[in-house]
Amino acid sequence: MTTTEISTLHEEVRALAAEREAVILAHNYQVPEVQDVADFVGDSLGLSREAAATDAEAIVFCGVHFMAETASILAPEKTVLIPDLDAGCSLAASITADQLRAWKAEHPGAVVVSYVNTTAEVKAESDYCCTSGNAKSVIEAIPEDREILFLPDLFLGVWLERTTGRKLKIWMGECHVHAGIRPADIERWQEEAPDAELLVHPECGCASQCMAFGNERTHILSTEGMINFAKSSPKERFLVATETGIIHRLNKEAPEKRFEAISEKAICKYMKMITLEKLRDSLRDWKHVVKVEPELAARARGAIDRMVAIT
Ligand code: SF4
């Protein structure tokens, strides 16, 4: 798409959003031209907070389906739209509510902690929700004598075991994008960029191994944590181990610094399903509505509220 085409579509989207009284939320992994037209860009927790706080009549969620569901749970009176209903998440798809109920039955009395990348139905079966930014605090708040079922991300679970010293029962799910970032990618970059700071998302297949490097240049952070760290760090060069969409945001937030993706292949095909044209069509044609039914939403909200209460 040419720059002129992008700015024409931006004008169209902004006009429709004003007419429809809609707020546009975009995840850090969205394509640059979608991030650039959004009212807010952030991680799933930050965007959920914007969804809960907005005065707008409608929320257009440029992200994946579970995020739009979370917005519907937190803002039940608003219309929530997603520009492409097929924008799913391989991690959220790795456990169903039936599978979770069966797992709970095998561990009666265990506390269930679900990462935010889960469906509303799975959240509704959980005691606590968590994000990569607050998962450690959530685990630490649970009494030591309680068994914990952590789901669905294997790598985040292993990282939590290492950082909290707690033994967890971990669901063997993974995000195909982060699992694809391997220790070999990190080792190569450590050799090629010895002066750079390494920013690693805890969902990565390399995160727990990265911790074993134990050097002060390695930082395991959520996407929002990466942005805050890069802005406040005196360092100038950063290697980034997460979905490559974050590079656009980092370049905007800290233009004087240099950011490079550890793996150019770390692209989420689901996030990239949202295009500027689909965003325009979503606002124009009022599609696709994501609505979590009230009873399910109330149960799912309980897990989110318990997370908020301790973090
Ligand atoms: S990057 Fe991974 S966890 Fe994030 S939306 Fe894509 S598949 Fe899901």
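Within strand E7, Phe150 is the bridge partner of Val113, and Ser114 stands opposite Leu151 of the same strand E7. These contacts belong to the 4 bridges that join strand E5 (residues 111-115) to strand E7 (residues 148-151), two strands that run parallel. Two strands are said to pair if DSSP finds at least two bridges between them. Strands (E, at least two residues) and helices (H or I, at least four residues) are DSSP runs, numbered from the N terminus. The model is predicted: local features need pLDDT of at least 70, side-chain atom pairs count only at pLDDT 80 or more, and totals for chains, interfaces and linings use all residues. Residues are numbered from 1 along each chain as its sequence is written, and side-chain values use heavy atoms, with hydrogens and water left out.

Val113 also has a bridge partner in E6, namely Tyr128. Strands E5 and E6 run parallel and are joined by 3 bridges. The wider arrangement is an open sheet of 4 strands in the order E6-E5-E7-E8, with parallel pairing. Strand E6 (128-130) and strand E8 (169-170) stand at the edges with a single partner strand each, so one side of each is left without a neighbour in the sheet.

How many of the residues of E5 are buried? The count is 5 of its 5 residues, and the strand is thus described as mostly covered. Buried means under 20% relative accessible area, exposed means over 50%, and partly exposed lies in between (1.4 Å probe, protein chains only). Both faces of E5 are covered, with Val111, Val113 and Tyr115 buried on one side and Val112 and Ser114 buried on the other. Helix H5 (residues 97-106) lies across E5, E7 and E8 and runs at about 160° to E7. Axes are lines fitted to C-alpha atoms, for helices over the stretch in contact, and angles run from 0 to 180 degrees between N-to-C directions.

A further open sheet is formed by 4 strands in the order E2-E1-E3-E4, again with parallel pairing. Strand E2 (40-42) and E4 occupy the edges, each with a single partner strand, so one side of each is left without a neighbour in the sheet. On average, neighbouring strands of this sheet are turned by 20° against each other, direction ignored. E3 and E4 pair in the parallel sense over 3 bridges, and Ala58 stands opposite Thr79 in E4.

Helix H4 is mostly covered, with 8 of its 10 residues buried. Among the buried residues of H4 are Phe66, Met67, Glu69 and Ile73. The buried residues of H4 pack against strand E1 (22-27), helix H3 (44-53), strand E3 (58-62), strand E4 (79-81), helix H6 (120-124) and H15. Contact here means heavy atoms within 4.5 Å.

Two packed helices are described by the angle between their axes and the distance between the axes. The axes of helix H4 (residues 65-74) and helix H15 (residues 294-310) come within 9 Å and cross at roughly 95°. That crossing makes H4 roughly perpendicular to H15. Angles of 65 to 115 degrees count as roughly perpendicular, under 35 as roughly parallel, over 145 as roughly antiparallel, and the rest as oblique. Thr70, Ile73 and Leu74 of H4 make the contact with Ala297, Ala300, Arg301 and Ile304 of H15.

The structure holds 3 aromatic pairs. In one of them, the rings of Trp103 and Trp171 have their centres 5.1 Å apart and their planes at 65°, so the pair is edge-to-face. Rings of Phe, Tyr and Trp (its six-membered ring) pair if their centres lie within 6.5 Å; planes under 30 degrees apart count as stacked, over 60 as edge-to-face and the rest as tilted. This pair links distant parts of the chain, with Trp103 in helix H5 and Trp171 in the loop between E8 and helix H9 (176-179), 68 residues apart. Trp103 and Trp171 are both buried.

Phe238 and Phe259 form a stacked aromatic pair, 5.3 Å centre to centre with 20° between the planes. Phe238 lies in strand E11 (residues 237-241) and Phe259 in strand E12 (residues 258-261), so the pair ties together parts that are 21 residues apart in sequence. Phe238 is buried with a relative accessible area of 0%, and Phe259 is buried with one of 8%. Together with Phe229, Phe238 and Phe259 form one aromatic cluster.
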